[in-house]
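Colleague: Could you walk me through the labels you put on this one? I would like to see how each follows from its cut-off.

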Amino acid sequence: MNFQVTVLKILVAYPDGFAVMEDLKRDMAILATSGRDWADRTRRLAAKVPDLDIFSQGLVERISGGWKITSKGRALLELMEARPTALDRAEAPPVLETSATSPAPVPQLRQPADRAKRRRERRERRREARERARANAS
């Protein structure tokens with residue numbers, strides 16, 4: 001997980017782009033444990049700006065117990081997240097698609113054969129319980 005990209009993404013989600021340190025730490029912990037997708041995503045974004053330094057470049061400023069993203073930081077994050085245009089794709093080397101890169105179809109989940117039977121049994125138990133409750137109430 002790229003720390004600096006994560007800080008930018010967290011701050012941009014807060015009102016006015018400001019978050020106190022406790023909130024930043026909590027959100028960082030959540031993202032750090034969220035799985036490999038987040039780490040891969042931040043790594044891809046960071047690769048677009050290899051010399052990223054959020055403080056020395058003025059992308060984030062430290063103020064009153066927290067950090068705030070600047071307009072320059074927002075602009076850089078938008079640039080990092082921008083989808084490649086047709087011109088960018090024309091300059092990039094072509095990617096050969098193979099069967100190894102195409103995702104395999106996800107198989108349907110099998111339902112248990114006795115699902116309807118269990119549903120009927122539950123319904124019958126509920127009905128019997130209601131009848132017992134009525135009999136005991138009278």
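Modeller: Gladly! Helices (H or I, at least four residues) and strands (E, at least two) are DSSP runs, numbered from the N terminus. This is a predicted model, where local features need pLDDT of at least 70, side-chain atom pairs count only at pLDDT 80 or more, and totals for chains, interfaces and linings use all residues. Residues are numbered from 1 along each chain as its sequence is written, and side-chain values use heavy atoms, with hydrogens and water left out.

Colleague: What separates glutamate 124 and arginine 127 in helix H6?

Modeller: About one helical turn, because they are three residues apart in H6.

Colleague: What makes the contact of glutamate 124 and arginine 127 a salt bridge?

Modeller: A salt bridge needs a side-chain nitrogen of Lys or Arg within 4 Å of a carboxyl oxygen of Asp or Glu. For this pair the N to O value is 2.6 Å, so the rule is met. By this rule the count comes to seven salt bridges.

Colleague: How do you know that arginine 36 and aspartate 40 form one too?

Modeller: Their closest N and O atoms are 3.8 Å apart, and both residues lie in helix H3. Arginine 43 also bridges to aspartate 40, at 3.0 Å.

Colleague: Why is arginine 36 called exposed, and why is aspartate 40 called partly exposed?

Modeller: Buried means under 20% relative accessible area, exposed over 50%, and partly exposed in between (1.4 Å probe, protein chains only). Arginine 36 has 67%, so it counts as exposed. Aspartate 40 has 24%, so that residue counts as partly exposed.
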